[in-house]
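Me: Please take a close look at one part of this structure, the largest nonpolar core. Which residues touch the most other members?

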Amino acid sequence: MSGPQQRRRERWYRAVWRWHFYAGLFCVPFVVWLSVTGGIYLFKPQIEAALYAPYRQVASSDAPMLAPGAVAANAVAAVPGSVLHKYVLPEAAGDAVQILVGKDAQETRVWVHPQTGRVLHKVAEQDRLMRVVFRLHGELLAGDRGSALVETAACWTVIMLLTGLFLWWPRQTGGRLGGVLWPRLRRGRGVFWRDLHAVTGLWISFGALFLIASGLPWANAWGDYLRQVRSVTGTAAGKQDWSAGSAADARERAAADAAMRATMAEHARHHGMAMGQAMPMPRPVLDAVVRRAGTLDFAAPVEVSPPTAPGAAWTVRSQAADRPQRDSAEIAGNGTLIGIERFSDRHWIDRTVGYGVAIHEGAFWGLANQLLNLAVLLGLVALSISGMVLWWRRRPADMLGAPSWLAPVRHSWALVGLVVLLALAMPLFGASLALAVAVEWALKRIAPPLSRWMGWRTRVRAHPGR
(Lines give C-alpha, C1' and ligand atoms only; values in the text may rest on other atoms or scores of the structure.)
Protein backbone atom coordinates (compact mmCIF):
# COMPACT_ATOMS: atom_id res chain seq x y z
CA MET A 1 0.00 0.00 0.00
CA SER A 2 1.32 3.46 -0.80
CA GLY A 3 0.19 7.06 -0.93
CA PRO A 4 -2.05 8.95 1.52
CA GLN A 5 -3.68 5.83 3.02
CA GLN A 6 -0.32 4.37 4.00
CA ARG A 7 0.85 7.67 5.48
CA ARG A 8 -2.34 8.07 7.47
CA ARG A 9 -2.13 4.55 8.84
CA GLU A 10 1.46 5.22 9.87
CA ARG A 11 0.41 8.43 11.60
CA TRP A 12 -2.24 6.57 13.59
CA TYR A 13 0.26 3.85 14.44
CA ARG A 14 2.62 6.47 15.84
CA ALA A 15 -0.23 8.20 17.70
CA VAL A 16 -1.31 4.95 19.37
CA TRP A 17 2.33 4.14 20.13
CA ARG A 18 2.66 7.44 22.00
CA TRP A 19 -0.46 6.71 24.07
CA HIS A 20 0.99 3.29 24.82
CA PHE A 21 4.34 4.81 25.80
CA TYR A 22 2.98 7.45 28.18
CA ALA A 23 0.46 5.04 29.74
CA GLY A 24 3.17 2.44 30.25
CA LEU A 25 5.61 4.95 31.76
CA PHE A 26 3.02 5.86 34.41
CA CYS A 27 1.62 2.36 34.97
CA VAL A 28 4.70 0.13 35.10
CA PRO A 29 5.63 0.73 38.79
CA PHE A 30 2.02 0.13 39.85
CA VAL A 31 1.64 -2.93 37.61
CA VAL A 32 4.70 -4.54 39.20
CA TRP A 33 3.51 -3.62 42.71
CA LEU A 34 -0.03 -4.89 42.17
CA SER A 35 1.25 -8.07 40.52
CA VAL A 36 3.56 -8.88 43.45
CA THR A 37 1.03 -8.09 46.20
CA GLY A 38 -1.78 -9.74 44.23
CA GLY A 39 0.35 -12.83 43.70
CA ILE A 40 0.89 -13.11 47.45
CA TYR A 41 -2.80 -12.58 48.22
CA LEU A 42 -3.77 -15.30 45.73
CA PHE A 43 -2.37 -17.87 48.13
CA LYS A 44 -4.12 -16.51 51.21
CA PRO A 45 -5.71 -19.91 52.08
CA GLN A 46 -2.36 -21.70 52.08
CA ILE A 47 -0.55 -18.88 53.92
CA GLU A 48 -3.16 -18.55 56.65
CA ALA A 49 -3.38 -22.32 57.02
CA ALA A 50 0.35 -22.33 57.82
CA LEU A 51 0.22 -19.25 60.07
CA TYR A 52 -2.66 -20.52 62.19
CA ALA A 53 -1.81 -24.23 62.20
CA PRO A 54 -0.94 -24.11 65.96
CA TYR A 55 -4.60 -23.35 66.72
CA ARG A 56 -6.06 -26.33 64.88
CA GLN A 57 -6.84 -29.65 66.56
CA VAL A 58 -6.05 -28.32 70.03
CA ALA A 59 -8.88 -30.16 71.80
CA SER A 60 -8.57 -33.63 73.28
CA SER A 61 -11.23 -36.30 73.16
CA ASP A 62 -11.46 -36.85 76.94
CA ALA A 63 -12.86 -33.47 77.99
CA PRO A 64 -16.19 -31.78 77.28
CA MET A 65 -16.46 -28.69 75.08
CA LEU A 66 -17.40 -25.35 76.61
CA ALA A 67 -20.64 -23.71 75.54
CA PRO A 68 -20.27 -20.95 72.89
CA GLY A 69 -21.42 -18.30 75.40
CA ALA A 70 -18.60 -19.20 77.82
CA VAL A 71 -16.00 -19.19 75.04
CA ALA A 72 -17.18 -15.80 73.76
CA ALA A 73 -17.18 -14.34 77.30
CA ASN A 74 -13.51 -15.29 77.74
CA ALA A 75 -12.62 -13.65 74.42
CA VAL A 76 -14.43 -10.44 75.39
CA ALA A 77 -12.70 -10.41 78.76
CA ALA A 78 -9.30 -10.73 77.03
CA VAL A 79 -9.80 -7.35 75.32
CA PRO A 80 -10.99 -4.83 77.94
CA GLY A 81 -13.83 -2.59 76.82
CA SER A 82 -14.77 -4.79 73.86
CA VAL A 83 -18.02 -6.52 72.95
CA LEU A 84 -18.76 -9.53 70.81
CA HIS A 85 -18.77 -8.75 67.07
CA LYS A 86 -18.60 -12.21 65.49
CA TYR A 87 -18.45 -15.80 66.64
CA VAL A 88 -16.77 -17.97 63.99
CA LEU A 89 -17.92 -21.59 63.84
CA PRO A 90 -14.88 -23.91 64.07
CA GLU A 91 -14.21 -25.73 60.80
CA ALA A 92 -13.26 -28.90 62.69
CA ALA A 93 -14.45 -30.10 66.09
CA GLY A 94 -11.04 -29.85 67.76
CA ASP A 95 -10.06 -26.40 66.43
CA ALA A 96 -9.72 -23.32 68.61
CA VAL A 97 -12.74 -21.04 68.39
CA GLN A 98 -12.11 -17.71 66.66
CA ILE A 99 -13.98 -14.76 68.16
CA LEU A 100 -13.96 -11.22 66.79
CA VAL A 101 -14.44 -8.66 69.54
CA GLY A 102 -14.42 -4.94 69.00
CA LYS A 103 -14.36 -1.48 70.42
CA ASP A 104 -15.53 1.24 68.03
CA ALA A 105 -13.87 0.49 64.64
CA GLN A 106 -11.06 -1.61 66.14
CA GLU A 107 -11.54 -5.37 66.01
CA THR A 108 -9.41 -8.08 67.58
CA ARG A 109 -9.43 -11.74 66.59
CA VAL A 110 -9.10 -14.04 69.59
CA TRP A 111 -8.40 -17.77 69.46
CA VAL A 112 -9.92 -19.56 72.49
CA HIS A 113 -9.37 -23.18 73.52
CA PRO A 114 -12.79 -24.87 73.17
CA GLN A 115 -12.38 -26.98 76.34
CA THR A 116 -10.39 -24.90 78.82
CA GLY A 117 -11.49 -21.44 77.64
CA ARG A 118 -7.87 -20.31 77.65
CA VAL A 119 -6.97 -17.54 75.21
CA LEU A 120 -4.36 -19.02 72.86
CA HIS A 121 -3.69 -16.00 70.67
CA LYS A 122 -5.08 -12.58 69.84
CA VAL A 123 -4.22 -10.05 67.16
CA ALA A 124 -5.73 -6.83 65.86
CA GLU A 125 -7.76 -7.82 62.78
CA GLN A 126 -6.25 -5.12 60.58
CA ASP A 127 -2.72 -6.21 61.58
CA ARG A 128 -3.10 -9.77 60.34
CA LEU A 129 -0.62 -10.47 57.54
CA MET A 130 -3.13 -11.02 54.75
CA ARG A 131 -5.18 -7.98 55.77
CA VAL A 132 -2.01 -5.89 55.48
CA VAL A 133 -1.28 -7.41 52.05
CA PHE A 134 -4.89 -6.69 51.02
CA ARG A 135 -4.48 -3.00 51.92
CA LEU A 136 -1.05 -2.85 50.29
CA HIS A 137 -2.60 -4.24 47.12
CA GLY A 138 -5.67 -2.02 46.99
CA GLU A 139 -4.67 1.16 48.82
CA LEU A 140 -0.87 1.24 49.25
CA LEU A 141 -1.66 1.54 53.01
CA ALA A 142 -2.75 5.13 52.21
CA GLY A 143 -6.54 4.87 52.55
CA ASP A 144 -8.76 6.62 50.03
CA ARG A 145 -5.85 8.51 48.44
CA GLY A 146 -3.96 5.30 47.84
CA SER A 147 -7.09 3.66 46.46
CA ALA A 148 -7.56 6.56 44.03
CA LEU A 149 -3.93 6.30 42.88
CA VAL A 150 -4.21 2.52 42.36
CA GLU A 151 -7.52 2.95 40.54
CA THR A 152 -6.06 5.62 38.25
CA ALA A 153 -3.14 3.33 37.45
CA ALA A 154 -5.56 0.46 36.76
CA CYS A 155 -7.54 2.63 34.33
CA TRP A 156 -4.41 3.65 32.45
CA THR A 157 -3.28 0.03 32.42
CA VAL A 158 -6.45 -0.71 30.44
CA ILE A 159 -5.35 1.95 27.94
CA MET A 160 -1.85 0.47 27.87
CA LEU A 161 -3.20 -3.02 27.14
CA LEU A 162 -5.69 -1.90 24.48
CA THR A 163 -3.11 0.21 22.64
CA GLY A 164 -0.62 -2.63 22.99
CA LEU A 165 -2.99 -5.02 21.25
CA PHE A 166 -3.38 -2.48 18.42
CA LEU A 167 0.40 -2.23 18.08
CA TRP A 168 0.77 -6.02 18.20
CA TRP A 169 -1.70 -6.57 15.32
CA PRO A 170 0.36 -8.31 12.61
CA ARG A 171 1.47 -6.08 9.74
CA GLN A 172 3.29 -7.45 6.70
CA THR A 173 4.39 -10.69 8.39
CA GLY A 174 4.23 -12.76 5.21
CA GLY A 175 2.35 -15.46 7.10
CA ARG A 176 5.17 -15.95 9.63
CA LEU A 177 4.01 -16.37 13.22
CA GLY A 178 7.39 -15.86 14.93
CA GLY A 179 7.23 -12.56 16.78
CA VAL A 180 3.42 -12.73 16.61
CA LEU A 181 2.49 -15.81 18.65
CA TRP A 182 5.89 -16.74 20.05
CA PRO A 183 9.19 -14.88 20.48
CA ARG A 184 12.07 -15.35 18.05
CA LEU A 185 14.98 -16.46 20.21
CA ARG A 186 17.83 -16.40 17.67
CA ARG A 187 17.53 -12.90 16.24
CA GLY A 188 19.59 -10.99 18.78
CA ARG A 189 18.77 -9.23 22.03
CA GLY A 190 16.88 -6.35 20.41
CA VAL A 191 14.42 -8.65 18.63
CA PHE A 192 14.19 -10.90 21.69
CA TRP A 193 13.07 -8.06 23.99
CA ARG A 194 10.67 -6.73 21.38
CA ASP A 195 9.12 -10.15 20.80
CA LEU A 196 8.98 -10.96 24.52
CA HIS A 197 7.07 -7.72 25.10
CA ALA A 198 4.66 -8.12 22.19
CA VAL A 199 3.97 -11.84 22.52
CA THR A 200 3.60 -11.75 26.31
CA GLY A 201 1.17 -8.87 25.90
CA LEU A 202 -0.92 -10.92 23.50
CA TRP A 203 -1.18 -13.95 25.75
CA ILE A 204 -1.96 -12.17 29.02
CA SER A 205 -3.90 -9.05 27.96
CA PHE A 206 -7.40 -10.50 28.16
CA GLY A 207 -6.69 -12.12 31.52
CA ALA A 208 -5.22 -8.85 32.79
CA LEU A 209 -8.23 -6.87 31.56
CA PHE A 210 -10.51 -9.28 33.42
CA LEU A 211 -8.48 -8.92 36.64
CA ILE A 212 -8.69 -5.12 36.38
CA ALA A 213 -12.43 -5.11 35.63
CA SER A 214 -13.22 -7.56 38.45
CA GLY A 215 -11.13 -5.51 40.90
CA LEU A 216 -12.75 -2.14 40.15
CA PRO A 217 -15.82 -2.69 42.42
CA TRP A 218 -13.39 -2.60 45.38
CA ALA A 219 -11.91 0.73 44.28
CA ASN A 220 -13.09 3.73 46.24
CA ALA A 221 -14.11 6.01 43.36
CA TRP A 222 -15.36 3.38 40.90
CA GLY A 223 -17.14 1.48 43.67
CA ASP A 224 -18.93 4.66 44.73
CA TYR A 225 -19.70 5.36 41.06
CA LEU A 226 -21.27 1.89 40.77
CA ARG A 227 -23.33 2.43 43.93
CA GLN A 228 -24.65 5.75 42.62
CA VAL A 229 -25.55 4.25 39.25
CA ARG A 230 -27.33 1.39 41.00
CA SER A 231 -29.19 3.81 43.25
CA VAL A 232 -30.35 5.89 40.27
CA THR A 233 -31.38 2.81 38.27
CA GLY A 234 -33.05 1.10 41.24
CA THR A 235 -30.81 -1.99 41.00
CA ALA A 236 -29.31 -1.73 44.50
CA ALA A 237 -30.63 -4.56 46.64
CA GLY A 238 -29.32 -5.21 50.13
CA LYS A 239 -25.82 -4.82 51.53
CA GLN A 240 -23.01 -5.31 49.05
CA ASP A 241 -20.70 -8.24 49.73
CA TRP A 242 -17.37 -6.61 48.92
CA SER A 243 -15.21 -3.97 50.52
CA ALA A 244 -15.84 -0.30 49.84
CA GLY A 245 -12.36 0.68 51.06
CA SER A 246 -10.70 0.66 54.47
CA ALA A 247 -12.19 4.02 55.52
CA ALA A 248 -15.73 2.94 54.63
CA ASP A 249 -15.20 -0.44 56.29
CA ALA A 250 -13.99 1.29 59.47
CA ARG A 251 -17.08 3.52 59.54
CA GLU A 252 -19.27 0.45 59.08
CA ARG A 253 -17.52 -1.39 61.92
CA ALA A 254 -17.89 1.63 64.22
CA ALA A 255 -21.60 1.96 63.43
CA ALA A 256 -22.18 -1.77 63.99
CA ASP A 257 -20.27 -1.63 67.29
CA ALA A 258 -22.38 1.27 68.54
CA ALA A 259 -25.60 -0.47 67.49
CA MET A 260 -24.58 -3.75 69.13
CA ARG A 261 -23.71 -1.98 72.41
CA ALA A 262 -27.01 -0.12 72.40
CA THR A 263 -28.90 -3.36 71.76
CA MET A 264 -27.05 -5.20 74.53
CA ALA A 265 -27.65 -2.30 76.94
CA GLU A 266 -31.36 -2.35 76.13
CA HIS A 267 -31.47 -6.11 76.67
CA ALA A 268 -29.61 -5.78 79.97
CA ARG A 269 -32.03 -3.10 81.26
CA HIS A 270 -35.03 -5.26 80.35
CA HIS A 271 -33.61 -8.12 82.40
CA GLY A 272 -32.40 -6.02 85.34
CA MET A 273 -28.73 -6.67 84.58
CA ALA A 274 -25.82 -4.23 84.87
CA MET A 275 -23.53 -3.67 81.95
CA GLY A 276 -20.12 -5.12 82.86
CA GLN A 277 -16.92 -5.88 81.07
CA ALA A 278 -18.14 -9.37 80.29
CA MET A 279 -20.58 -9.96 77.47
CA PRO A 280 -23.98 -8.64 78.66
CA MET A 281 -25.97 -10.79 76.21
CA PRO A 282 -27.20 -13.89 78.11
CA ARG A 283 -25.05 -16.85 77.20
CA PRO A 284 -27.96 -19.19 76.46
CA VAL A 285 -28.97 -16.90 73.57
CA LEU A 286 -25.60 -17.27 71.83
CA ASP A 287 -25.61 -21.00 72.64
CA ALA A 288 -28.98 -21.46 70.93
CA VAL A 289 -28.04 -19.36 67.89
CA VAL A 290 -24.69 -21.10 67.37
CA ARG A 291 -26.31 -24.52 67.79
CA ARG A 292 -28.88 -23.67 65.09
CA ALA A 293 -26.24 -22.09 62.82
CA GLY A 294 -24.26 -25.32 62.90
CA THR A 295 -27.16 -27.17 61.27
CA LEU A 296 -27.32 -24.89 58.20
CA ASP A 297 -24.35 -26.49 56.43
CA PHE A 298 -23.00 -23.17 55.16
CA ALA A 299 -19.56 -23.07 53.52
CA ALA A 300 -16.78 -22.24 56.03
CA PRO A 301 -15.86 -19.92 57.56
CA VAL A 302 -19.26 -19.08 59.04
CA GLU A 303 -19.69 -15.97 61.21
CA VAL A 304 -22.47 -15.40 63.74
CA SER A 305 -23.13 -11.71 64.50
CA PRO A 306 -25.28 -10.19 67.28
CA PRO A 307 -28.33 -8.06 66.42
CA THR A 308 -27.87 -4.34 65.80
CA ALA A 309 -31.35 -3.28 66.90
CA PRO A 310 -33.65 -4.28 69.77
CA GLY A 311 -35.75 -7.27 68.77
CA ALA A 312 -33.72 -7.87 65.60
CA ALA A 313 -32.39 -11.27 64.60
CA TRP A 314 -28.88 -12.63 64.80
CA THR A 315 -27.07 -12.87 61.45
CA VAL A 316 -25.30 -15.99 60.22
CA ARG A 317 -23.15 -15.45 57.15
CA SER A 318 -20.77 -17.63 55.18
CA GLN A 319 -17.50 -15.86 54.38
CA ALA A 320 -16.26 -18.53 51.97
CA ALA A 321 -13.48 -17.37 49.64
CA ASP A 322 -15.53 -18.76 46.73
CA ARG A 323 -18.22 -16.10 46.90
CA PRO A 324 -20.94 -17.98 44.96
CA GLN A 325 -21.01 -20.28 48.01
CA ARG A 326 -21.83 -17.42 50.38
CA ASP A 327 -25.28 -17.81 51.91
CA SER A 328 -26.70 -15.99 54.91
CA ALA A 329 -29.49 -16.51 57.42
CA GLU A 330 -31.33 -14.80 60.24
CA ILE A 331 -31.92 -16.62 63.53
CA ALA A 332 -34.01 -15.50 66.49
CA GLY A 333 -32.57 -15.40 70.01
CA ASN A 334 -34.29 -18.68 70.87
CA GLY A 335 -32.61 -20.49 67.96
CA THR A 336 -35.56 -20.35 65.57
CA LEU A 337 -34.56 -20.01 61.92
CA ILE A 338 -36.26 -16.92 60.44
CA GLY A 339 -35.03 -17.13 56.86
CA ILE A 340 -32.16 -17.93 54.50
CA GLU A 341 -30.82 -15.89 51.60
CA ARG A 342 -28.89 -17.91 49.03
CA PHE A 343 -26.30 -16.45 46.70
CA SER A 344 -28.68 -17.25 43.85
CA ASP A 345 -31.33 -15.00 45.44
CA ARG A 346 -29.23 -11.86 45.05
CA HIS A 347 -29.50 -9.29 42.27
CA TRP A 348 -27.73 -10.31 39.07
CA ILE A 349 -25.25 -7.43 39.45
CA ASP A 350 -24.25 -8.69 42.91
CA ARG A 351 -23.93 -12.23 41.55
CA THR A 352 -21.79 -11.01 38.62
CA VAL A 353 -19.49 -9.10 40.95
CA GLY A 354 -19.37 -12.13 43.26
CA TYR A 355 -18.23 -14.44 40.46
CA GLY A 356 -15.70 -11.83 39.30
CA VAL A 357 -14.25 -11.35 42.78
CA ALA A 358 -14.02 -15.11 43.35
CA ILE A 359 -12.06 -15.58 40.12
CA HIS A 360 -9.98 -12.45 40.83
CA GLU A 361 -8.94 -13.88 44.21
CA GLY A 362 -8.23 -17.33 42.77
CA ALA A 363 -11.01 -19.01 44.75
CA PHE A 364 -13.45 -20.17 42.07
CA TRP A 365 -11.53 -23.13 40.60
CA GLY A 366 -9.22 -23.74 43.54
CA LEU A 367 -5.52 -24.27 42.80
CA ALA A 368 -6.06 -24.13 39.02
CA ASN A 369 -7.56 -20.62 39.43
CA GLN A 370 -4.64 -19.53 41.59
CA LEU A 371 -2.05 -20.77 39.10
CA LEU A 372 -3.85 -19.24 36.12
CA ASN A 373 -4.02 -15.85 37.84
CA LEU A 374 -0.39 -16.18 38.89
CA ALA A 375 0.60 -16.80 35.24
CA VAL A 376 -1.19 -13.58 34.24
CA LEU A 377 0.54 -11.63 37.01
CA LEU A 378 3.97 -13.02 36.07
CA GLY A 379 3.19 -12.09 32.47
CA LEU A 380 2.42 -8.53 33.57
CA VAL A 381 5.77 -8.35 35.36
CA ALA A 382 7.54 -9.68 32.24
CA LEU A 383 5.61 -7.16 30.15
CA SER A 384 6.70 -4.33 32.44
CA ILE A 385 10.35 -5.36 32.57
CA SER A 386 10.62 -5.91 28.81
CA GLY A 387 8.90 -2.57 28.16
CA MET A 388 11.38 -0.75 30.40
CA VAL A 389 14.30 -2.52 28.70
CA LEU A 390 13.00 -1.52 25.26
CA TRP A 391 12.59 2.08 26.39
CA TRP A 392 16.07 2.20 27.96
CA ARG A 393 17.74 0.74 24.89
CA ARG A 394 16.02 3.09 22.43
CA ARG A 395 15.80 6.37 24.33
CA PRO A 396 17.84 9.32 23.08
CA ALA A 397 20.40 10.70 25.51
CA ASP A 398 18.74 14.10 25.82
CA MET A 399 15.03 13.18 25.65
CA LEU A 400 12.48 11.07 27.49
CA GLY A 401 12.17 8.90 24.42
CA ALA A 402 8.51 9.17 23.42
CA PRO A 403 7.85 8.04 19.80
CA SER A 404 8.08 11.07 17.54
CA TRP A 405 5.26 12.46 15.42
CA LEU A 406 5.68 11.94 11.70
CA ALA A 407 2.85 14.32 10.83
CA PRO A 408 -0.29 15.76 12.41
CA VAL A 409 -3.05 13.23 12.95
CA ARG A 410 -6.39 14.18 11.45
CA HIS A 411 -9.40 14.67 13.69
CA SER A 412 -11.48 11.53 14.26
CA TRP A 413 -14.95 11.50 15.81
CA ALA A 414 -14.55 7.74 16.31
CA LEU A 415 -11.54 8.38 18.55
CA VAL A 416 -13.37 11.12 20.44
CA GLY A 417 -16.31 8.78 20.96
CA LEU A 418 -14.04 6.00 22.20
CA VAL A 419 -12.31 8.32 24.69
CA VAL A 420 -15.67 9.59 25.98
CA LEU A 421 -16.92 6.00 26.33
CA LEU A 422 -13.80 5.00 28.29
CA ALA A 423 -14.12 8.12 30.46
CA LEU A 424 -17.72 7.23 31.31
CA ALA A 425 -16.76 3.64 32.09
CA MET A 426 -13.70 4.72 34.12
CA PRO A 427 -14.26 8.21 35.59
CA LEU A 428 -10.75 8.49 37.02
CA PHE A 429 -9.33 7.88 33.54
CA GLY A 430 -11.37 10.81 32.21
CA ALA A 431 -10.37 13.04 35.13
CA SER A 432 -6.68 12.17 34.92
CA LEU A 433 -6.70 12.58 31.12
CA ALA A 434 -8.21 16.05 31.46
CA LEU A 435 -5.61 16.91 34.11
CA ALA A 436 -2.78 15.63 31.88
CA VAL A 437 -4.00 17.71 28.93
CA ALA A 438 -4.23 20.81 31.12
CA VAL A 439 -0.75 20.28 32.58
CA GLU A 440 0.73 19.72 29.11
CA TRP A 441 -0.95 22.87 27.79
CA ALA A 442 0.38 24.94 30.70
CA LEU A 443 3.93 23.55 30.69
CA LYS A 444 4.30 24.08 26.94
CA ARG A 445 3.89 27.79 27.60
CA ILE A 446 5.74 28.01 30.91
CA ALA A 447 8.69 25.75 30.08
CA PRO A 448 9.09 25.27 26.27
CA PRO A 449 12.30 23.19 26.61
CA LEU A 450 10.31 20.66 28.60
CA SER A 451 8.06 20.05 25.57
CA ARG A 452 11.00 18.83 23.52
CA TRP A 453 12.31 16.62 26.35
CA MET A 454 8.87 15.09 26.94
CA GLY A 455 8.26 14.63 23.21
CA TRP A 456 5.02 16.62 23.28
CA ARG A 457 3.47 17.59 19.98
CA THR A 458 3.91 21.17 18.87
CA ARG A 459 1.96 22.99 16.22
CA VAL A 460 3.29 22.20 12.76
CA ARG A 461 2.16 23.96 9.65
CA ALA A 462 0.91 21.28 7.24
CA HIS A 463 2.54 21.23 3.79
CA PRO A 464 0.25 21.70 0.80
CA GLY A 465 -1.24 18.48 -0.47
CA ARG A 466 -1.00 16.66 2.86
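Reply: The largest nonpolar core has 26 residues, and Tyr-87, Ile-99, Val-304 and Val-316 touch the most other members. A nonpolar core is a set of buried Ala, Val, Leu, Ile, Met, Phe, Trp, Tyr and Cys residues joined through side-chain atoms within 4.5 Å. Buried means under 20% relative accessible area, taken with a 1.4 Å probe and protein chains only.

Several elements give two or more residues to this core. They are helices H3 (68-78) and H9 (283-293), together with strands E1 (83-88), E2 (97-103), E3 (106-112), E5 (302-305), E6 (314-318) and E7 (328-331). H9 gives the most, with five residues. Helices (H or I, at least four residues) and strands (E, at least two) are DSSP runs, numbered from the N terminus.

Now take Val-316. Leaving out residues up to four places away in sequence, Val-316 touches Ala-293, Leu-296, Phe-298, Val-302, Glu-303, Val-304, Asp-327, Ser-328, Ala-329 and Ile-331. Contact here means heavy atoms within 4.5 Å.

A second, separate core has 25 residues, including Leu-161, Ala-208, Leu-422 and Phe-429.

For the wider setting, the chain has 14 helices and eight strands. Of its 466 residues, 44% count as buried.

A note on the basis: this is a predicted model, where local features need pLDDT of at least 70, side-chain atom pairs count only at pLDDT 80 or more, and totals for chains, interfaces and linings use all residues. Residues are numbered from 1 along each chain as its sequence is written, and side-chain values use heavy atoms, with hydrogens and water left out.

Methods
Buried means under 20% relative accessible area, exposed over 50%, partly exposed in between (1.4 Å probe, protein chains only).
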